[in-house]
Every structure is written in structure tokens, then in C-alpha cells.
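User: I'm new to reading protein models and would like to work through one with you. Can we take it a question at a time?

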Amino acid sequence: MKVERIISIGFVVNPIAGMGGRVGLKGTDGVVEEAIRLGARPVAPERAEFFLKDLKAYIVSGKIKLVTVPGLMGECEAERVGIDFNVLPLQRKDKTIAEDTKAAVKMLISGKYRVDLIVFVGGDGTARDVLDALSSDVDEAIVLGVPSGVKMYSGVFAVSPSEAAEVVKAFVDGEADVAEMEVVDVDEESFRKGRLEIHLYGYLKVPYLPLRIQGTKTPSPETIDERENQKAIARFVIENMKPDSTYILGPGTTVKAVTDLLGVKKTLLGVDLYWNGQLIPDVNEKIILETVKDWKDAWIIISPIGGQGIIFGRGNQQISPEVIKNVRKEHILILATKNKIRRLKGSLRVDTGDREVDNLLKGRIKVITDYREWRILKIE
Amino acid sequence: MGEFRQARWFEPLIFSIGSSGRRGYSIPSIRDTDRSALRDIPENLRRRRLPDLPEVSEVEVVKHFTRLSQMNFGVDNGLYPLGSCTMKYNPKMNDAVASLDEVRWIHPFQPEETLQGMLEVMYKLDLWLCEITGMHKFSLQPAAGANGECTGILIIRAYHQMHDELKKRREIIVPDSAHGTNPASASMGGFEVVTVPSDDSGCIDIEALKEAVSPRTAGLMLTNPNTLGIFEERIREIEEIIHDAGGLLYYDGANMNAILGKARPGDMGFDIVHLNLHKTFSTPHGGGGPGAGPVGVKEHLKDFLPVPLVEYDGKKYYLNYNVPHSIGKVKGFYCNFDVIVRAFAYILTVGAEGLKSISEISVLNANYLASKISCIRGFEIPYGKGKPRKHEFVASCSGLKSETRVSAKNVAKRLLDYGIHAPTIYFPPIVDEALMIEPTESASIEELDEFVKVMEAISKEAYENPEKVLSAPHNTSVGPIDEVKASHPRTLCLSWRMYKRKFMKE
Amino acid sequence: MHDQYIPNDTEEIRKKMMDAIGIKEIDELFSDISEEIRLKRDLNLPNPLSELEAKREIEKVLKKNLTVKEMTCFLGAGAWPHHVPAAVDYISSRSEFLTSYTPYQPEISQGILQSLFEYQSMICELLDMDVANCSMYGWPSSLGEAARMAARVTRRNEFLVPHYISRDKLMVLKNYAEPAGIRIIEVNQSLRNGQIDMEDLKRKVSNRTSGVYVENPSYLGFLIESPEEIAEVVHDAGGLFLVGVDPISLGVLRPPGDYGADIAIGEGQPLGNYMNGGSLLGIFACRGEDYLIRQMPGRIIGMTTTLDGKRQAFCMVLQTREQHIRRHRATSNICTNEALYALRAAVYMALLGPRGFQELGEIIISRTRFLIEKLSQINGVRVPFFDAHHFKEFTVNFDGSSKPLREINRRLLEKGIIGGKDLTSEFPELGQTSLYCVTEMHTLQEIESLCESLKEALEA
């Protein structure tokens, strides 16, 4: 039996998104000419095609009706994949600007098309354009980003084009959940100058693959939203922070959620120090060892990095074996969302480069997984 | 093995039927008093516009809801192997006694001497539940399992408060296979939750538990057998670890059906117990309630129970409000008495011997089914290989999913097509593509064999013609439901009023 | 006797099944329960009875209850006698409803889902609110959950309640509130007319106030005369206005949505449910704003369609709410609720319709006035204690008589009458006062016989 529900998807590609990355520019917004001069080639069209290929079966079978934008903003990509689609009656352009994305989104959400889902290919800048274009309709639209930018800090993106396709399929099958995700963007100017100033621009409703728990005795079939989970963890961490203690903060969004809530700006990829409302960004081992005076009141807050669950030794080498020894295991707070825990399959890893410290860390540890929730995990 | 057909009425909302001026209720004459009394009520306190309720005759109301009932599925319709819900048969005699005037037409604040029957039932049920669980006193007040859990958590709070340790003891430990309400109840009671993983045998990882306890431990919540249907063999060790750390042990009685007359939580060392009368003790679940979640405690916690307790002075039964450290009240009045009286009737009819048979057969049924399901292609029963299950078991169809795309949800939906209610799915979270199956003692061997045949057929379909399974259910009152649309902000519709505003705009 | 409930409990089938799984003794399945904790004796319970014997035995025990049908009872205070139409019993005893679980599989559970959606919808119409959940354990539990919800929505932790609410309800409220760090503050009410002391209210409302709760009709039966003023005070301070109601009053009295309630709760027992010695149905509703809906506890049924878009269908919705709730450290753990009572309420509300509610309300108001008038003719009786308008319940004070209330009630009982609820321990400041309730169930003769018996009791 064929399921006859048809989902209409508006598909918008920002063809210049991501061009800056390979030529060392941090984002293309406003500097396209320079990017092209430096030899940048478009990456978005290719990513758009990957996404469409993975979705092809659903489009061919008629479950999805695709509405896209003339030229490189979707039409060309869809043509190359060989699928049916409709095109918005907009001018075809060779050079696109933010306004083109906005115009397309506005039309897709308007009465005539009123698509069920908008999928865009781009980066944080594109996400902002989508958000702007939706303006008062923002509560009614559901949006998903296919990552193709240089900066993709917003929560609206799937991890990859193929995961985006999985999410869309689940959405079509009625198996995805929808949550509000942040649209953030880094201040372009300062970013290119090496400073990271992330602004929150708003929220979009985004479909995602839920972690399904249908508990008979679960208050309700519960789904776990990553961002909400991070905020919950952050709230709990802050409740337990002590004045006059020094906190060595590892990289990543989960730890960053803590500083966001504290109202200080943490580097996303660096290690920072926090003490009594002040943050020293991007510290190295030397600065940590020099700055921390009272090790008795020093804490490390980290979250596992990547799918292997490595907590020390990858991306946070600034927190050296000596630092760890000084802080001691009891003062290490590990934060991990439930989604992350699920991928870890029950254990964490360390690889500090110092056998003695690795052994010191091994055994079991309490990991913060939610507001006032801990979980015992093994460190191997 | 035939497919089934559920009634498929096109039944509109009650608001869309009827006609102006109709009604289904005859108003008693009020000649004895003066209807103009309404005029005494000042204009600004009176309702200005009548509520937009349906205007329907009794005939229409009865037809409407009768048709709706035919589009519903209860334990009287067929097998209902919903794991951890103990969907056993609900004896009709129990409904009959719950319908007596002496149950329906009594007011909770009547003088005790006019409520001796109710108090006697409550008192005796309390005694019997004590005997069954090995506890010393029960409160029948909680209206549901979760309400009972809250009660237990409040008792743990009050206990540590009295010992001046509440500030320090902030943590409740739960295993990762726990019912979802356990952490929710702990957090509702203001505690932090520490989750302890299960080991390969499907039981609590004792080493991890040792790591989890500390002077911050307030207590442990555990169900035994656990949600995998496996008995926590090292329960005495667990008990020692928690008690040595100064914590209390809470027993979630949702799975009590497995061990009636075989073992008692009190003997395992638990301090607090809740039972679900709407599971183990056969009271009907009513589409979601009412239930009853009585809480029992050991002697040392008796003075913390909610008020009032029911006592007997040798001559009469009475309500005792004089409970020194009582946590107060957890719901209005004393209990859902219509539920209590059914459980009372159940124990009275089955007795000790019957309770034991119930556990034996429910466990036998589960193991019989498990042995057959584990042989079906695409299914396996993870954790504790070779261990007997208790009243339920958890199968995983992750093999089926990776080979055919057919998920636990699809299997569940396809089962409906055969007139079998789906098991609990995706629970416990430690099992991928989980199907949690609890046949209860009410299932006959014929029904169990039928269930196996249907599962085999679904597996075969999944490998040969997956579309049929993927697009299930086909034979229920409605086909697959658009749950995304249901929660989608644009189409969210939670009442007739919202419907009118969103979809009936001119 | 139990065989009738356990089809496989015969020697033959036991053996067949044990053979199939390769065991010889049933106890092999329990071998993992260590000796130390195995129960080695039979449970000490009464011998099992046949259906006939059990029924006789239970009837014998229950006969020790005196029902409000056998006596005349003027008790209310949270559970009230109202007529239950036979159609309600008929529908709720249909076993497709009665014996089903929470509708986790919506496709096979459309009946209860649609019924509960209709319950929610009719509650909304009656209360003039936009959204209702499909039940809580009772009014007191609804109040507890409402206080937590107000704290989540406003992120504030002072919750104001009127002085004259049931002490039992207050106990339940505290158990919900205290672990969440919510402070309960009582607002004074006038001893003369029961109205909220606006000066006291303004003093106590601040930017820490999560919400102000009032009941209308109040616990003691009087009506709140200017609820808008209270709403204004709390709204100006950024808090929520919460109102508790007796739904049976809403055919004639203004609904809470009409005077600014953000959350409305109440007791649904009067809607087609027996008192059952205190079984309750918690009503819980709120306005339709997204930020409120997302914080609403309990299960909510939504209307949608099938995937093919061809049929209207129903399912439980907004299940991701729990996560939002968790974040603000005030999870609600409610699962099993009072669905069957809600179904009964749905049938009841459909039967009554708008005019049924109106006429029933009128009857109750006129009975209330009639009884007040009758009682006020008796020497030594001050009725009502509060100089206000009343619905269904009112206070009767006996300070003017030499007899203590206890004795008066005892004498009434001798005549087969259960007088009003004794309020002396709940509210000592009211003196010898009791709370009387009168509904469409009370006949003229019953009212007159009460008055006569009271006269006798006071004169004796």
C-alpha cells in the first residue's frame, strides 16, 4: 500500500555559501569577490546534490513534492540529479545575494506555495537570511539546514547532507520531532580578525530524529532535544559553581552552554579559564599553570569530544597531564547530553600522553547528563 | 490466523451532531423553590453567553459514544501484551461490587460510624498488602503509581530532614533500565538523579553502584524483577551498599505480578514499596485511569505516611490523623475507593494460593513466549542470555531493522492488524528496537501460540514484502496517524475551540 | 478460587509449556531468587472464596456503610452529591473503554482518544479557556501542578492562595510546592464577606509572585465579587492569575476565562461521577498561548489526520514538553490519570448541553437560597456567616446557640441527617461554623426535615 500523504518541500541553495573556507576566509558573507579572486570554487551545489540524491527515492515515489529556485539556487542541482520539481517564478541570477534567498523563502511560505518544510543549503549567514525572511511567519514554518557554510554554529543544521536526507525522510514518514533551534552567527568582521563573537539571532523550528523512549511508565513518550539538554546541564552546573573557584573550561558546545548562561563569552574551540565572573579566553598550558593559584579550588569542566568519547587528549591538550594532576579526578566535571551518551555505548576514553595520568583517571566517574541528573560511566 | 477488522465509523465530533434546542438530560422540577433566585446574583457575576456545548439528545449521545467505544481496544477484545502494564483480565465481579450504592453514594466526610464498611475494606486491604509485600503499614491514598512514587520520595525527604541530613543527601540512584517515572518522581521531590548502568546480565552493575553511593545518597529506586524481566539476584548486596551509605531503598511495584507469594520486597530489604493495583491487582485501567498506587513502609517509616491512616481499635475502624512526622496529603481525600474495593474483591477471590498461581503462570507464559520469539528471524532477546525471565521479556528487532528497514514501531503497528495490541516499544532505552512483552497469566496457550504465529508472519512479510509492514496498520479504525501534524505549530489543535479558530475561519 | 481467571493453570497445560521450555519444575523459573529471600511459607491471607461467597462477604462488609441515599446528607467541601444519568454508567462500563490502557497506539484507540478530546473541548467551553489536559488526580492535585506550572512560566517562586481554602488541599499543595522551592503565602479574606483583602493582596504581590490563586465559588461557597481587580493586580506584577471552579456552577456563573484567568482548575467529580468515598477528577486548563501550553502538565490529546490526509484522527500530542519542564526543575511525573472519570464527564456534559447547565445552575442557586432562608428562621443560627452571594455551599454559624456544633451534628445524625462539615478545627476564627451543601438531589422534604431536626437539636 502506498502512503498517499504528500509533503511539499521548498529547497533553496545559497550557491556561494562555504566558498571562503578552503581559501582561508572565515565565511563568504560580504567578501564573495575576494573569495573568487582567491580561487574559491562553489561547494554548496555539490552538497545540495548529495542531499537530493539521498532523497531521490522519496521524490520519485511521489511522497515529496519539491519546489525550488531558478538557476544555481536549486534548479540546476535538481536537474542534475534527475528528479521532478517545480520552480518559483523568480528571476534567474548568476550572482546571488542575500536578498535572493530571502525572496525565495518569502515566496515559499506565502499562501500560494505554503510548503511544509523549507530545506536550505548554506551556512549560518544563510540561516540568518531564512530567519529574516520568515519574520512574522517564523512560528509556522519548519526549516532544516544542509550544512555547506564555513560557519555552522546554528542548531538548524543536520550533521551532513546525508543525515539531512534521513531527517527529511523521517519527517515525511511522520517520525521526526520538531524543536526550536538557535540561529547564531559570528560577527564576520571580528571573526576574520580572529575574535569569536557569536550572536543569537533567533530560533527556527527544526525537525530532528528523536531518541525514542516509549515508556509505559515514562510520563510521556519522551524525546530528548540536544539544545534543551545542554541548557539543562548548564543550569545544573551553574547552580553548583562556587565563588572563588577557578574553572578550566574545555571546548565544545556543551561546555559553551554553561558560559552562555553565565553571560560570558567562551571560545568554542579553545580552553578558557573562568573565575568569579571573569573569563580568560584561549589559554594554553603555561597560562593555566601560571594563573591558577589555589589548586584546591580548581575544577575542570569538559565534555567528551567526537564519537569515541575521548575526554582528554584530543582538541584540549592545553589541559595537560600536569594540570589534571593538580586538579585531581574528584574535581573534574564531565558533561554529556543523552544523545551523546547513547553514542558512547557506556564508556569514555582518555589519551593524555601520560600513562600515569591515564591510569589515575581510569575507573568510573559521574557524568552530568541533565538538570540534576548524573550517570555513572566507565573511563577506559 | 486471520486478519482482524476494527469498527470504522465516520464519527464526527460531538459538537457537529445534534440540533439547537435538543438536550439529553431531564431537569428535576423546581416547583418547590423559586427559580427567580438567579436574579439575586448580580449581573456582573452571571454568565453572559451560554457555553458552546453540543445540543444533543440522549439517543444521540449514547450512539456517539457507543460507536467510539467500538473503535477502542481493551483487554476484553484481545491479547494486550503491553510490557510493564500487566494488562490482565479484569474480573467482572469486581466491577459489580464497585457499583454498589455503598461504594458510590458515600461521602468521605461522613462520620466514621457511617463509613465502617469502607474503612474495614481499606484496613483489611492494608493488612493483606503488608502480608504480600512484607511491609508494616500501607497508605492507600496515592491515585496512581507515579503518585505513589512521589509519596515515597516525600517520605525519603522527610526521613532525612528529621535526621538533619537532607541538605547533604541530595541524590537518588536509579538503574538505567528504570521506569521513566522514577527519575521524574525523584526530581519532582527536589532530588538529583544518579543513573547506574546495567551489566551484560541485565542487572545493576554493582561496581558502578559502589561508585555511585556516597554521603550524598538519599536512596535507591528499583524495580525487581527489572524492566528486562530479569530478577536482580544480588539484591541483598545492593541493599547493603545503600543502607551502609545511609540511604533508603524504594521498591517500584509495577512488576510485582512476577513474584507474588514467591518473594517479598520487605524481605529483600526495601524500606518503601508502592504497588499498582491497576496492574497486579486486576483493576481496569479505564483508558488511562483511575488507578491506585498504595505505598507501604517498614515500621521505622510508619510515622511518615500520609494522613489519615486507617486503624482498628478492636471495635471500630477509624481515621488516624495523629501521625507524628506525616508528610501530609498527596491527593484529595483517602483513596480512589472504587479501585480499592475491586482489588479487595480480587484478593478475596484468589487468596494466597491464587496469587502464587498468578505469578507462576504469568512467568511461565512469558518464558514460553520468549523461547518461541527468540527463534523468529530478525528477533533476539538481549541481556542475561540463558537466564529465566519473570513476567515479561524484552525482544530486540534491530536485526530485522537493519536487514529490512522494519522497525519495532512497524512490528507494533502490524500486530494491530491481527487484533493483538502492540507490546511496549522502545523501552527500556538500553535495548535497541525494543519490544517489551508481558502476556500476563490471563493469556491462554492458544492465544500465545497465535501470537507467535503472527510474529512469524510479520517477520516473513518484513523480508518478503516489507511495504505491507512499513505502511501498517491497515485494519484499525484509522490508518497510520500523522503525529507530526498533530504537534506541528501550524496545525496543532487541542480543542474544538482551537479548531474553530484555526480551520473554520471564513 | 482463581482458576476461572487463569486459563493455563491446569496440570496438563503447565506440563506442556514446561516441556516446551525444557524445565521440570515451575520453580526452576524462580531459581534466581536466592534462598535467603525466598518466601518459604504460604502467604497468610483469607482462604479464597467463590464468586458467590465473595460477593456476599463484600456486600456484608459494605452494608456497614450508611449511604447518602439512606440518610440525608448536607456535606460538600470537595465532593458533592449530584445526579448521575444512567447513560453515563452505561457508556463508562463498555469494556472497550473500561479495560483499555493509556492510548499509546492511537490507531487502535481512536474511541478513547476522541472522547478525551471532546472532554477537553467541553471543559474549555465551560471554563472559557482554550486548552485543557485530559485530567489530574483531583482538584488538590491540579492546584499543586498549577503552582509548579506558574513557577515554570514566570520563573518566580512565591505563590499566593486565599486564606479560606481547604486545609487538606493546602497540604497537597505544599507537597507539590515545597520540593520545588515554591513558597506558599496566604492572602487575607474579609471575615465579614469573605472577599479578598485587596490591601493585603497588593502588599504581598511583588516581582517574586508567580501567581495568585482564588476559588470561585470559594471553598466556603461565597462568590468572589470582583475577580477582575485581583487579575489586574497580579498581571500588573507580571504573575499569573489562577482560578479554581466548581464546573457545575458555570451554566449560570461567569467562567474564569471571562475574567482574566491564565490557568483554570477545578473538580470534575460533579460532572457525572459518583463520590465513591472521595474519587476525584482534576480539571486543568489554560489559555492558548504557546508559552503556557508548553508548560502545561499531564497528557493532552490533539486532533490531526491520518498520514494520507483522508480521515480525522486523534493522538497524544506535545510530548516533547516534558523536556522543557525538566529544564525548569519542576517535572511533573503524572502518567496514569483519571481518564475514565473524564470520559464520564464528557458524556455528562454532552447530555446536559448549554441549557442543562444553565437550568441545573438555577436550581442549585434557588435551593441554596431556599435553604438559607429556612435556616435563618431558626433561633441561634447565623446563616450565611459571610455576607456574600453563595452557590451550592454556605456557612452556618451556631455561636448564638448554647450547644457546640459537635453535639448538634450528633443529634442530627440520630435523626438520619448528616449536617454540614464542621469547620471549627480548620478555621477556629469562624467559631461554631459548619459548611452546608445543597444540590438538585435534595428534596423539599429533606430540607424541611433538616430544619425541624435542627430546631429540636438546638432546643434540646
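User: Is C:Glu414 buried or exposed?
Analyst: Keep in mind that this is a predicted model. The relative accessible area of C:Glu414 comes out at 58%. The cut-off for that label is over 50%, so C:Glu414 counts as exposed.

User: Which side chain does C:Glu414 meet in a salt bridge?
Analyst: Side chains of opposite charge can pair when their charged atoms come close. Look inside helix H13 of chain C, residues 405-414, where the two partners sit four residues apart, about one turn of the helix. The N to O distance is 2.8 Å, and the partner is C:Arg410.

User: And what is the relative accessible area of C:Arg410?
Analyst: Partly exposed is the label here, which means a value between the 20% and 50% cut-offs. For C:Arg410 the number is 43%.

User: How many residues apart in sequence are the parts tied together by C:Lys415 and C:Glu456?
Analyst: These two side chains meet in a salt bridge, at 2.9 Å from N to O. C:Lys415 lies in the loop between H13 and strand E12 of chain C, while C:Glu456 belongs to helix H14 (residues 444-459). So the pair links parts whose separation in sequence is 41 residues.

User: Chain B next: what labels do B:Glu237 and B:Arg234 get for exposure?
Analyst: They form a salt bridge, with the closest N and O atoms 2.9 Å apart. B:Glu237 has 34% relative accessibility, and B:Arg234 has 40%. B:Glu237 is therefore partly exposed, and B:Arg234 is also partly exposed.

User: How are H10(B) and H1(C) oriented to each other?
Analyst: Helix H10 of chain B (residues 337-373) packs on helix H1 of chain C (residues 11-21), with axes 9 Å apart and an angle of about 40°. Angles under 35 degrees would count as roughly parallel, and roughly perpendicular starts at 65. So the pair falls in between, and the word is oblique.

User: How many nonpolar residues does that contact of H10(B) with H1(C) have?
Analyst: H10(B) brings residues including B:Ile361, B:Leu364 and B:Tyr368, and among those it meets in H1(C) are C:Met17, C:Met18 and C:Ile21. By class, the contact has two charged residues, four polar and, for nonpolar, seven.

User: Which residues of chain C are linked with B:Lys262 and B:Glu360 in a network of salt bridges?
Analyst: B:Glu360 is also one of the H10(B) residues that meet H1(C), and C:Arg14 is on the H1(C) side of that contact. C:Arg14 belongs to the network too, and the chain C members are C:Asp9, C:Arg14, C:Asp27 and C:Arg38.

Terms used
Residues numbered from 1 in each chain as written. Chains lettered and ligands numbered in written order. Predicted model: local features only at pLDDT ≥ 70, side-chain atom pairs only at ≥ 80, totals over all residues. Heavy atoms only, no water. Axes fitted to C-alpha atoms, helices over the stretch in contact; angles between N-to-C directions. Helix = DSSP H or I, 4+ residues; strand = E, 2+ residues; numbered from the N terminus. Parallel < 35°, antiparallel > 145°, perpendicular 65-115°, else oblique. Contact = heavy atoms within 4.5 Å. Nonpolar A, V, L, I, M, F, W, Y, C, P; charged D, E, K, R; others polar. Salt bridge = Lys/Arg side-chain N within 4 Å of Asp/Glu carboxyl O. Buried < 20%, exposed > 50% of the residue type's maximum accessible area, 1.4 Å probe, protein only.
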